[in-house]
Amino acid sequence: MATTGEARPDRRAFLRGAAALAAGALAGVGGCAARGGQAGAAQAGAAPATGPRLFPAPDLSDAMVAAMRAGIRPYRSGRVRVECERRDNLLVIHNYGHGGAGVTLSWGCAAEALRLVRGHAPAEEPVAVLGAGVVGLTAACELLGAGRRVRVYARDTLDGTTSWLAGAQWAPSLVSRGSPPGDPGFFDRVLRGSHARFATLADHGDWGVARRPNFVCGDGGGGLRHIPSDLGGTPEPLARLPIAGLQVPGGVVRTMLVEPPVFLPRLVHEVRTLGGEIVPRTFESFDDLRGLRERVVVNCLGLGARAIVADPRLTGVRGQVVLLRPQNLPYLLSHGDGYMFPRRDAVVLGGTVERGVENPTPDPAACRRILASHRRFFAGAATA
Ligand SMILES: Cc1cc2nc3c(=O)[nH]c(=O)nc-3n(C[C@H](O)[C@H](O)[C@H](O)COP(=O)(O)OP(=O)(O)OC[C@H]3O[C@@H](n4cnc5c(N)ncnc54)[C@H](O)[C@@H]3O)c2cc1C
């Protein structure tokens, strides 16, 4: 094995050991799911000891609107692509096509990428990671944690990436849940591995990862439906959502909130602390990879993977969000027409899905509809 990791055993041991630690954490999440919704509200810090334990409702007034944004999810039909390709004298490990679940699946796919690098490249081979979104940065951390020498190449970092725009709820939304031929357990393994890592991070310092109840009205949307029940995915019925002013029944799902404006800088910090470099670079075609000094390449370019591979399965799915000024709302909400993910920098309202639309300019009319749907929900649910 490569030896660069030995210089910083503590941090590497933490990165490596996180999944193992999480086995215990998983049990905790499952346990939460089995508890009552009102108890869950109390646990998440809602309310006083007496009287009904209710979370506050959001302030959805115009004065609270801070920004409108659009991002393009890198959706790949069939399955996320995590596999090896040998081309010329390069070993390319693809890791792209995570749709609306790139944050959710990131650590699990990073572990798969590491497995492929280990299986196909000697320990001393330096590795180029292409892309510094959540998929590239987690892959870089995983490789560095295993002692590999890593350089990340990317056109944009942090708030230039799609990852920055993610809500981000831990749920496999808008992603093809297929597995490659011969590996039927792939998607489930990635999902569970990723959950385990995030659950550990939620309990260790400030990674911008927190356990949160998601109050759902109706089925809460596809992503939540696809969280395995032992990871908290089966909604626990509630006679009434525990949000002030609401009179509507629903359910609660135990999930996690990942805040990209905290999580991504933390990953960048980890990459650098572990000895990795992040280098600005734009790739126009596969030929540009031949100029790299690394022969092992992990392709985490998201939708930008189309610059280096022809992949007709990879398309953009636009999502728009309205960012409200921060409010202290320690819960997520999913109702029929959208979602609300309160973070410390903003309350994110979203839920639009425009397949094949790749224009990143936000559409103000669509954003106004997002806001209107939330106002309708709160007005209607208050009187239901
Ligand atoms: C509105 C919205 C809400 C979302 N909510 C969630 C959520 O709640 N939960 C969740 O899990 N996911 C969510 N997602 C999905 C998530 O954002 C994506 O799946 C994820 O960001 C994909 O990460 P990535 O690293 O593959 O791509 P990106 O973040 O796009 O990163 C790609 C990297 O590659 C670089 N790059 C691209 N092309 C080139 C090139 N030609 N040359 C050099 N560098 C290049 C970019 O500069 C960047 O560094 C949401 C997405 C949107 C748009």
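At what angle do α4 and helix α8 (residues 260-273) pack, and how far apart are their axes? The angle is about 35 degrees and the axes lie 9 Å apart, where axes are lines fitted to C-alpha atoms, for helices over the stretch in contact, and angles run from 0 to 180 degrees between N-to-C directions.

This is a predicted model, in which local features need pLDDT of at least 70, side-chain atom pairs count only at pLDDT 80 or more, and totals for chains, interfaces and linings use all residues. Residues are numbered from 1 along each chain as its sequence is written.

The chain has nine helices and 15 strands, taken as DSSP runs (H or I, at least four residues, for helices; E, at least two, for strands) numbered from the N terminus. Of its 384 residues, 49% count as buried, that is, with 20 or more other C-beta atoms within 10 Å of their own, C-beta atoms being placed from the backbone.

The ligand is surrounded by 39 residues, each with its backbone-placed C-beta atom within 6 Å of the ligand. The closest are G71, G102, G133, G302 and G304. Elements giving two or more residues to this shell include α3 (102-120), α4 (134-145) and β11 (314-324).

α4 also meets α8, through V134, L137, T138, A140, C141 and L144 of α4 and L264, L267, V268, E270 and V271 of α8; contact requires C-beta atoms, placed from the backbone, within 7 Å. The two sites divide by class as follows.

| Site | Nonpolar | Polar | Charged |
|---|---|---|---|
| Shell around the ligand | 16 residues | 19 residues | four residues |
| Contact of α4 with α8 | nine residues | one residue | one residue |

Here Ala, Val, Leu, Ile, Met, Phe, Trp, Tyr, Cys and Pro count as nonpolar, Asp, Glu, Lys and Arg as charged, and the others, Gly among them, as polar.

Methods. A residue is buried if 20 or more other C-beta atoms lie within 10 Å of its own, exposed if 12 or fewer, and partly exposed in between; C-beta atoms are placed from the backbone. Two residues are in contact if their C-beta atoms, placed from the backbone, lie within 7 Å.
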